Amino acid sequence: MASKKTAELLLRRLHEYGVDHVFGVVGREAEAILFDEVDGLEFVLTRHEFTAGVMADVLSRLTNRPQACFATLGPGMTNLSTGVATSALDRSSVIAMAAQSESHDCYPNVTHQCVDSVGVMAPLTKFSAQLERPADITSLVDTAVLHSTTEPVGPSFLSLPIDLLGADVPEDAAQAAPVVGYRKKAVVDPTWTELVPGIADRIAAAKHPVLVVGSAVIRADGVDALRSFAERLRIPVVTTYTAKGVLPHDHPLNYGAISGYMDGILSFSALDQIFGPVDLIVALGYDYAEDLRPSMWTRGTEKEVVRVAATVNPITALFRPAVDVVADPREVIETLDKATAHLMAKTPHDIEPLRARVAEFLADDEEYSDGMRVHQVIDCMNSVLENGTFVSDIGFFRHYGVLFAKADQPYGFLTSAGCSSFGYGLPAAMAAQIARPDEPVFLIAGDGGFHSNSADLETAVRLGLPLVMVVVNNDRNGLIELYQNKGHQRSHAPAVAFRSVDFVQLAEANGCDAVRATDRESLVQALRKGAELGRPFLIEVPVAYDFQSGGFEALDI
């Protein structure tokens, strides 16, 4: 009887669901799977499994369909787990897989390199299971994808014993029904339409409503509907970190992305300016994990809050909106747009003093003896990056990016809003470049986060990805130093300071062109060179922060 290998059936079913990349590191299961069994499904070898997980996470987000990552058994799987956690908290449809000891020798914590991978991954995933019979592989993938693509979207995990991965599956047992698609699936309250007239009445009565937008609106393909609704009624839009770009950067109704660090960075009451006069908040695609907390908008005027999300509110102890709509955000926006068609446009409240303060930072042309300031670096990057993607690793500089980086398209600014995974930047930028091969991708990373995952510079070079990477280097973990100053009005170097690393030499050792820039002129020249080079390019920029302990009260939870 004709048969197929389990490995081929696995990859074929993934590809039928739209998976076109598997990122990972292979071990001795290579005797069972080569990853060339299915045309159109590319395996990308990374230096570390965390990189593989983040690349799958970001590629899934940008393609809006499942993507996959793979690790070997034991430590490969545990290394992958942080990438899986990133996918969980940052909401992307990732199918994570790891090899496991042979089925007849699978004794966790007894057999060599054998750990309970399903048990490790279960708390991080929406579905976690081990293959028990080769003939079940297709249905197992179906179940993983179904869970992964249902809101809140997130990772599923499959544990694959090596002997079963390489086993034959009879042709009759290998037959499977066609896939049913991979569009994100919302949880829906069947009575949600009954709530729309009340929301429309609240909008009519509000003097200064604001739309608070999360990235679930992008996942729901609701950006066009959002823009139409906001523009017709002239309602300002604020976003979480990863929803930056739902309105273009310079759009008059774009009141910016919200960070709890913004008052401290700007030495200005930005949150009061944005939320003080607001009397109605309509939170569209709201997700608490994206770190725009309700406590940040409770400024000034008493407010009513309407929550619209594709999931049931999981944080009722912290957040009880006046109206809670559980349905697909795009459908709600479109329905609400029709229900408010008779309303006159609003007069947005004035935030010109805040915009002037931001402009003042970006215009800063002072030459500092101890290094550039991060807002100067970002202004230089904005001036060169055209119609591209701005990626930020994790660190204090990330919150400057939230405030100052330009984003003119959905996911035009990428960062790990939910998990804030240190070292996220390089793999995220590589995945963004794969997803958007004809657009420039600029990365900003700190010396700490970048060097925590810098081995994958070689991956970027091997793949020929024309990234422009800016490493802002102050030889320390700057965000942690901020918290030291916040809590103690001083810092403690042994907990934050490193010896200096020459990132130009590090890049060159990995086959990557690199330069050091120390002022605006040299940085802009380097950025232009990198944008035209057509291969990876790294720019090291010495920076310093002016730490102050005040202005960060919004971080207190």
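**Exercise 1. A charged patch**

Between which two helices does the loop that holds glutamate 366 lie? Place the residue in this predicted model, then describe its exposure and its charged surroundings.

*Solution.* Begin with the secondary structure: glutamate 366 sits in the loop that runs between α15 (352-362) and α16 (374-384). Next take the accessibility, which for glutamate 366 is 46% in relative terms, so the residue counts as partly exposed. Finally, look at the charges on the surface, where Asp365, Glu366, Glu367 and Glu521 gather in a patch of negative charge.

**Exercise 2. Cysteines without partners**

Determine how many disulfides the structure contains, and explain the result for cysteine 106 and for cysteine 512.

*Solution.* A search of the whole structure returns 0 disulfides. The criterion needed here is that two cysteine sulfur atoms lie within 2.5 Å. For cysteine 106, the closest cysteine sulfur belongs to cysteine 114 and is 3.9 Å away, which is too far for a bond. For cysteine 512, the closest cysteine sulfur is that of cysteine 380, at 20 Å, and this too is too far for a bond. As a last step, consider the accessibility of each residue: cysteine 106 is buried with a relative accessible area of 18%, and cysteine 512 is buried with a relative accessible area of 2%.

**Exercise 3. Helix α1 and its charges**

Work out why helix α1 is described as largely enclosed, and then trace the salt bridge that arginine 12 forms.

*Solution.* Start with the burial count: 8 of the 11 residues of helix α1 (residues 6-16) are buried, and the helix is therefore largely enclosed by the rest of the structure. The buried residues are Thr6, Ala7, Glu8, Leu9, Leu10, Leu11, Arg13 and Leu14. Just after α1 comes glycine 18, which adopts a positive phi of about 100°.

Turn now to the charged side chains. Arginine 12 makes a salt bridge with glutamate 8, with 2.7 Å between the closest N and O atoms. Because arginine 12 and glutamate 8 are 4 residues apart in helix α1, about one helical turn separates them. The two partners fall into separate accessibility classes, since arginine 12 is partly exposed at 33%, whereas glutamate 8 is buried at 18%.

**Exercise 4. Two further salt bridges**

State how many salt bridges the structure holds, and set the pair of glutamate 458 and arginine 462 beside the pair of glutamate 540 and arginine 516.

*Solution.* The total for the structure is 29 salt bridges. As a general principle, side chains of opposite charge can pair when their charged atoms come close. In one such pair, glutamate 458 bridges to arginine 462, and the closest N and O atoms are 3.0 Å apart. Glutamate 458 and arginine 462 lie 4 residues apart in helix α20 (residues 457-463), so that about one helical turn separates them. Glutamate 458 is buried at 19% relative accessibility, while arginine 462, with a relative accessible area of 38%, is partly exposed.

The other pair consists of glutamate 540 and arginine 516, whose closest N and O atoms are 2.9 Å apart. This pair links distant parts of the chain, for glutamate 540 belongs to strand β20 (residues 537-542) and arginine 516 to strand β19 (residues 513-516), 24 residues apart. Glutamate 540 is buried, with a relative accessible area of 4%, and arginine 516 is partly exposed at 41% relative accessibility. To finish, consider shared partners: salt bridges of this kind join Lys4, Glu8 and Arg12 into one network.

**Exercise 5. Backbone angles in loops**

Identify what is notable in the backbone at proline 152, arginine 234 and glutamine 489, and locate each residue.

*Solution.* The reference point is that most residues other than glycine have a negative phi, and most peptide bonds are trans. A cis peptide bond, with omega of about -5°, joins glutamate 151 and proline 152, and proline 152 lies in the loop between α5 (137-148) and β7 (156-161). Arginine 234, which is not a glycine, has a positive phi near 55°; its place is the loop between α10 (223-233) and β10 (237-239), and at 40% relative accessibility arginine 234 is partly exposed. Glutamine 489 likewise has a positive phi, of about 60°, without being a glycine. Glutamine 489 is found in the loop between α21 (478-488) and α22 (503-509), and a relative accessible area of 55% makes glutamine 489 exposed.

Methods: Residues are numbered from 1 along each chain as its sequence is written. This is a predicted model: local features need pLDDT of at least 70, side-chain atom pairs count only at pLDDT 80 or more; totals for chains, interfaces and linings use all residues. Side-chain values use heavy atoms; hydrogens and water are left out. Patches are made of residues with over 30% relative accessible area and no salt bridge: like charges are joined within 9 Å, nonpolar side chains (Val, Leu, Ile, Met, Phe, Trp, Tyr) within 5 Å. Accessible areas come from the Shrake-Rupley method with a 1.4 Å probe; for residues, only the protein chains shown count as cover. A salt bridge is a side-chain nitrogen of Lys or Arg within 4 Å of a carboxyl oxygen of Asp or Glu. Lys and Arg count as positive and Asp and Glu as negative; His and the chain ends are not counted. The place of a charge is taken as NZ of Lys, CZ of Arg, CG of Asp or CD of Glu. Buried means under 20% relative accessible area, exposed over 50%, partly exposed in between (1.4 Å probe, protein chains only).
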